[in-house]
Amino acid sequence: MAEASGTFQHMLWRRKLAVALILVMVFLFLLLLNIASYTFLRRTGRQLEASLDARLQTAARLGATIVENDLISLYARTDLALVQLDLTQIRSNNELEAAYLIDPGLNVLIDTQTPPPSRGYIRDDSLAIARAMEIGVATSEVHRVAGNPFKNAYASISDLDGNTAFLVLEANADFFNIISSYRQRLYINSMVSAAVFVVFTVFLIVAALRFLRTEEKLQQAQRLAAMGQMTATMAHEIRNPLGIIKSSTDVLREKYQDPDHPDELFGFVDDEIKRLSRFVNDFLTFSR
């Protein structure tokens, strides 16, 4: 019986371990899936931003060369009119949102958009402008204007008098909105996955507990059945000697007892036989 109980406990431990392993595997799978998706979105965003930076820098270098070839003085109206035509062409050829010139004080000198919009975010690009002054061309961080993402490229230019200005090329970065949309969907999917995992965990635990209870009841029923069988065997083994004792007592009573002086010892034996018989019957009833 002890060996069977130990085997059953070992089986229960193995079932619980299996349930725990299933839950851990499902959790790790969902976690790795979400991490891989988030990493893919980040890598894609960086690659697209790097590609946009490279395109803007190339267009800014080429545009700066074109503007400087046509620019004699930043303060000559005829030169500025010619430069404005160059900027319009640069903007059209590179499918840009805007192309304009600013002076070191960040004032707009020439703008291809009429009327020129407010460009207060230029002041946030002081680091990019400083890099452009140092290395010739630099790109800014992403700006959001009315919810739309933009990215600027700055290229320093000089006229024949040594006056410095900056060519600014502004490109739309719609792919950031797309990535943001996918990121939001990823967050929603992560929350849904977490909810599904919780529901699955509760369901699996409840199912496992019910299964373990059923197994335990089955084992208990088997133990009770074995006990009942053992009880019936014991009752049979006890009744046989009782029957022999009773028969032998009856024979001895008829042979040796004086009818006029009955021996109370024979009565004691009969009483004990009846008591044992009642005990055996009660034990059988209890086992059933």
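Where is D125 found? Hold that thought for a moment, everyone, while I set the scene.

This is a predicted model, where local features need pLDDT of at least 70 and side-chain atom pairs count only at pLDDT 80 or more, while totals for chains, interfaces and linings use all residues. Residues are numbered from 1 along each chain as its sequence is written, and side-chain values use heavy atoms, with hydrogens and water left out.

Let's start with the overall layout. The protein chain has five helices and six strands; these are DSSP runs numbered from the N terminus, H or I of at least four residues for helices and E of at least two for strands. In sequence order, the pattern reads α-α-β-β-α-β-β-β-β-α-α. Of its 288 residues, 31% count as buried, meaning under 20% relative accessible area with a 1.4 Å probe, protein chains only.

Now, back to D125: you will find this residue in the loop between strand 2 and helix 3, which covers 126–135. D125 is buried but has no salt bridge, that is, no side-chain nitrogen of Lys or Arg within 4 Å of a carboxyl oxygen of Asp or Glu. The nearest side chain of opposite charge belongs to R131, 7.9 Å away.

So what does the side chain of D125 make a polar contact with? The partner is the side chain of Y154, at 2.6 Å; a polar contact is a pair of N or O atoms within 3.5 Å, and within protein one must be able to donate a hydrogen and the other to accept it, with sequence-adjacent residues counting only if both atoms are side-chain atoms.

Methods. Buried < 20%, exposed > 50% of the residue type's maximum accessible area, 1.4 Å probe, protein only. Lys, Arg positive; Asp, Glu negative; His and termini not counted.
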